[in-house]
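Me: I have a model open and would like to go through it with you. Could you keep the answers plain?

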Amino acid sequence: MVASHWVAASAQTPSRRRGAVLERAILEAALDQLGTVGWNGLTMEGVAASAQTGKAAVYRRWPSKEDLVADALRSGLPDFDTVPDLGSVREDLVELCRRARDAMYSRPGFALRSVIHECDTTQAERFHAVIIKGVVEPTLAMIREVVNRGMARGEVRHDAANGYVFDAIPAMMMYRAKICASEWTDRELEEMIDQLMVPLLRPDGP
């Protein structure tokens, strides 16, 4: 009777998390905190409570708030490694914009924007590499591939493969999100591609 009671009680008690499982829970909690209380409101204690662990477990792995948030962003950002190939530059760019928009408004996206908007200049430098390596460079690489593919098909003028053209989409999307604080609808993304990028890229364009 005692033995059976002990077995039942043990089955109801969650096993203690260790290693990668605990680290994943802490990183997820950090992303949640960034999305709800922002960079300024995030504390190591709050992350520990959200992850249902002790703050010592957090500090053992990440000695500072900056270290924790940098790893949380790295772990949460989506993979930008599959370039759409829908048969035309226009359709490929629209799909890329949809993916970028969805990433911006995902949980990791909200967390990233919290860091960008709330950090001071010195703090922001800590996350510069995360943003460049995790978001900017992969996005530009996909735009570059779409444009180069369009050049090979004769859809794009040959002098369009330059940094100003590649920067146009990220610049527009970040401006709308950060300065205007408004979201991109599917229709607006299509209009941006049709009114800005298609005329800019086509062989008879400027």
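Me: Which residue just after helix 9 takes a positive phi?

Reply: Gly154 does, with a phi of about 85°; helices here are DSSP runs (H or I, at least four residues), numbered from the N terminus. Please keep in mind that this is a predicted model, in which local features need pLDDT of at least 70, side-chain atom pairs count only at pLDDT 80 or more, and totals for chains, interfaces and linings use all residues. Residues are numbered from 1 along each chain as its sequence is written, and side-chain values use heavy atoms, with hydrogens and water left out.

Me: Where does helix 9 bend?

Reply: Helix 9 bends at Phe127, by about 45°, the bend being the angle between axes fitted to the seven residues ending there and the seven starting there.

Me: OK, pockets. What volume does the largest pocket have?

Reply: The largest pocket has a volume of about 460 Å³, and of the 27 residues that line it, Ala100, Met104, Val135, Thr139 and Met174 are the closest to its centre. A pocket is an open set of points on a 1 Å grid over the protein atoms alone, where a 1.4 Å probe fits, with protein on both sides within 12 Å along at least five of seven lines, and lining residues have an atom within 4 Å of a point.

Me: Which helix gives the largest share of that lining?

Reply: Helix 9 does, with seven residues. The elements that give two or more residues to this lining are helix 7 (89-104), helix 8 (107-118), helix 9 (121-153) and helix 10 (163-179). By class, the lining of the largest pocket divides into 22 nonpolar, three polar and two charged residues.

Me: And which residues line the second largest pocket?

Reply: Ile116, Ala124, His128, Ile131, Ile132, Val136, Met174 and Lys178 line the second largest pocket, which holds about 170 Å³ of space. Helix 9 again gives the most, with five residues.

Me: Switching topic: at what angle do helix 2 and helix 6 pack?

Reply: Helix 2 (residues 19-36) and helix 6 (residues 65-76) pack at about 95°, with their axes 9 Å apart. They are therefore roughly perpendicular to each other, a label for angles of 65 to 115 degrees.

Me: Which residues of helix 2 meet helix 6?

Reply: Arg24, Ile26, Leu27, Ala30, Leu31 and Leu34 in helix 2 meet helix 6, where the partners include Leu68, Asp71 and Leu73; contact means heavy atoms within 4.5 Å. This contact of helix 2 with helix 6 has nine nonpolar, two polar and two charged residues.

How values were computed
Points joined across faces, edges and corners; volume = space filled by probe spheres on them. Nonpolar A, V, L, I, M, F, W, Y, C, P; charged D, E, K, R; others polar. Axes fitted to C-alpha atoms, helices over the stretch in contact; angles between N-to-C directions. Parallel < 35°, antiparallel > 145°, perpendicular 65-115°, else oblique.
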